[in-house]
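The following report goes through the fold of one protein chain, moving from individual loop residues to strand pairing and then to overall dimensions. Please keep the sequence and the model in view while reading.

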Amino acid sequence: MEAAPDWGDGTRAVRAGLPEPLKYEPTLPGPVFAAHFHLPGEPTGPYTYGRDENPTWTLLERAIGELEAPGDGTVETVVFASGMAAISSVLFSQLSAGDAVVLPSDGYQALPLVREQLEAYGIEVRVAPTGGDAQLSVLDGAKLLWLETPSNPGLDVCDVRRMVAAARAAGALVAVDNTLATPLGQRPLALGADFSVASDTKGMTGHGDILLGHVACGDAGLAAGVRRWRKIVGAIPGPMEAWLAHRSLATLQLRVDRQCANALTLAEALATRDDVTGLRYPGLPGDPSHEVAAGQMRRFGSVVSFVLADRERAERFLEALRLVDDATSFGGVRSTAERRGRWGGDAVPPGFVRFSVGAEDPDDLVADVLRALDAAAGHG
């Protein structure tokens with residue numbers, strides 16, 4: 001079904017990727033479970049073998065493409081079994097031995113593992129922080145610039161337009177990990193990036209029950225490389241996961257708006273606490289990233305980060321919460337929080353807490369957090 005370029009976010013989310021209506025057929029067809037398809041004669045059709053293409057993926061990819069780049073029919077989207085599969089597809093399809101890539105030093109904790117593999121393949125890896133557009137200092141001669149903005153878990157922001165302009169001048173491609181923002185918060189392709197990449201395990205599907213990822217790309221040649229990598233590696237989503245993801249997109253705008261509003265409310269409440277330091281949320285007017293974020297983001301995301309006095313204080317806080325699960329990941333309708341240092345892969349203080357704000361009633365959520373902070377401090 002052709003989308004109107006002037007639809008609002010909510011209308012687009014509930015209509016994205018739907019096929020043309022057919023009498024007696026469902027509006028969103030169920031998952032197609034098939035390892036192979038009827039294929040007489042030459043294999044010229046769209047569906048030949050289940051590792052290559054699947055009709056359920058096709059509808060989901062159209063839907064995500066409509067959210068990533070409304071009204072732009074040239075954008076191609078490729079879905080994957082996880083966010084890391086999507087990330088890997090860009091890095092390993094575009095880079096070869098002798099190339100250089102620039103990664104954020106403060107990005108997702110699996111990036112150091114990716115760095116080890118890239119270097120094992122003879123690819124030079126350079127790193128610099130997200131904040132202050134510091135990656136520009138190591139850009140010269142690189143083939144690919146990888147941005148993660150806002151960064152996870154520190155929530156720093158870089159100026160995507162500025163980074164893209166510098167990369168173009170240096171002859172480098174640009175990929176943006178847009179997981180935290182989602183396409184409703186930020187559209188990297190419209191900001192000039194070559195690739196918009198995300199773990200759809202997080203906010204895009206929003207219920208903490210699906211592993212999925214995607215790459216959106218405006219260049220057919222680049223997209224072909226990503227799709228070829230998926231075929232070779234076999235990092236494909238199951239039809240049921242793809243169908244559930246498409247169904248979940250219908251509530252994306254409802255979920256994201258509620259979560260972003262709740263995140264700002266929680267951040268404002270945390271800002272009044274003497275026992276909370278290092279508070280970060282790009283939507284706070286006083287946040288170091290706010291000015292840059294406001295120039296390129298339409299919504300500021302559902303993640304708030306802050307630091308408590310030490311590991312023990314953070315663990316007491318997490319244990320005292322009643323409405324918030326102590327769990328990893330983010331972007332779900334149920335609030336979660338964790339002491340991020342327990343994984344060992346992020347350069348954060350022992351008391352650093354990453355808080356993923358859900359869709360609960362804000363008064364209930366804030367009251368629970370403030371009560372837990374008091375309990376952790378020995379006041380409750």
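In which loop does P150 lie? The model, which is predicted, places P150 in the loop between β4 (144-148) and α5 (160-170).

**Backbone features in the loops**

The peptide bond that leads from T149 into P150 is cis, with omega near -5°. A cis peptide bond also joins N152 and P153, where omega is about 15°, and P153 likewise lies in the loop between β4 and α5. The two bonds are set out below.

| Peptide bond | Configuration | Omega |
|---|---|---|
| T149 to P150 | cis | near -5° |
| N152 to P153 | cis | about 15° |

Positive phi values in residues other than glycine form another group of backbone features. Y24, in the loop between α1 (9-15) and α2 (55-68), has phi near 75°, a positive value in a residue other than glycine. D133, which lies in the loop between β3 and β4, has phi near 55°, and this too is a positive value in a residue that is not glycine. Is each of these residues buried or exposed? Y24 has a relative accessibility of 74% and, because the cut-off for an exposed residue is over 50%, Y24 counts as exposed. D133 has a relative accessible area of 10% and, because buried means under 20%, D133 is buried.

**The annotated lysine**

An unreviewed UniProt entry places the feature "modified residue: N6-(pyridoxal phosphate)lysine" at K202. In the predicted model, K202 is found in the loop between β6 (195-199) and β7 (213-217). With a relative accessible area of 12%, K202 falls under the 20% cut-off and is therefore buried. Which residues does K202 touch, if those up to four places away in sequence are not counted? The residues that K202 touches on this basis are T179, S329, F330 and G331.

**A parallel pair and its crossover**

Strand β2 (residues 100-104) and strand β3 (residues 124-128) run parallel and are joined by five bridges. Within this pairing, V101 has V125 in β3 as its bridge partner. On the way from β2 to β3 the chain passes through helix α4 (residues 111-120), and the resulting β-α-β crossover is right-handed.

**The five-stranded sheet**

An open sheet of five strands has the order β8-β9-β12-β11-β10, and its pairing is mixed. The edge strands are β8 (277-280) and β10, each of which pairs on one side only. At the β8 edge, two bridges join β8 to strand β9 (residues 303-307), and these strands run antiparallel; T277 has V307 in β9 as its bridge partner.

At the other edge, strand β10 (residues 325-326) runs parallel to β11, and two bridges join them. One of the bridge partnerships here sets D325 against T336 in β11. Strand β11 is also joined to strand β12 (residues 352-356), in this case by four bridges and with the strands running antiparallel. In that pairing E338 stands opposite R354 in β12.

Which residues of β11 point one way, and which the other way? From strand β11 (residues 336-339), T336 and E338 point one way, whereas A337 and R339 point the other way. In a regular strand the side chains alternate between the two faces of the sheet. In β11 the residues on both sides are buried, including the charged-letter pair E338 and R339.

**The protein as a whole**

The protein contains 11 helices and 12 strands. Its radius of gyration is 21 Å, close to the 21 Å that the globule rule gives for 380 residues, so the protein is as compact as a globular protein of that length. Taken along the principal axes, the box filled by the C-alpha atoms is roughly 75 × 55 × 35 Å.

Of the 380 residues in the protein, 54% are buried. The accessible surface comes to about 15900 Å², and carbon and sulfur atoms account for 54% of that surface. Among contacts between residues at least 6 apart in sequence, 68% join residues that are at least 24 apart.

Key:
Residues numbered from 1 in each chain as written. Predicted model: local features only at pLDDT ≥ 70, side-chain atom pairs only at ≥ 80, totals over all residues. Heavy atoms only, no water. Pairing = 2+ DSSP bridges. Right-handed = clockwise from strand over helix to strand, strands pointing away. Rg over C-alpha atoms; globule rule 2.2 N^0.38 Å. Buried < 20%, exposed > 50% of the residue type's maximum accessible area, 1.4 Å probe, protein only. Contact = heavy atoms within 4.5 Å. Areas by Shrake-Rupley, 256 points an atom, 1.4 Å probe, with all protein chains shown as cover. UniProt positions renumbered as here; feature names shortened; annotations may be inferred.
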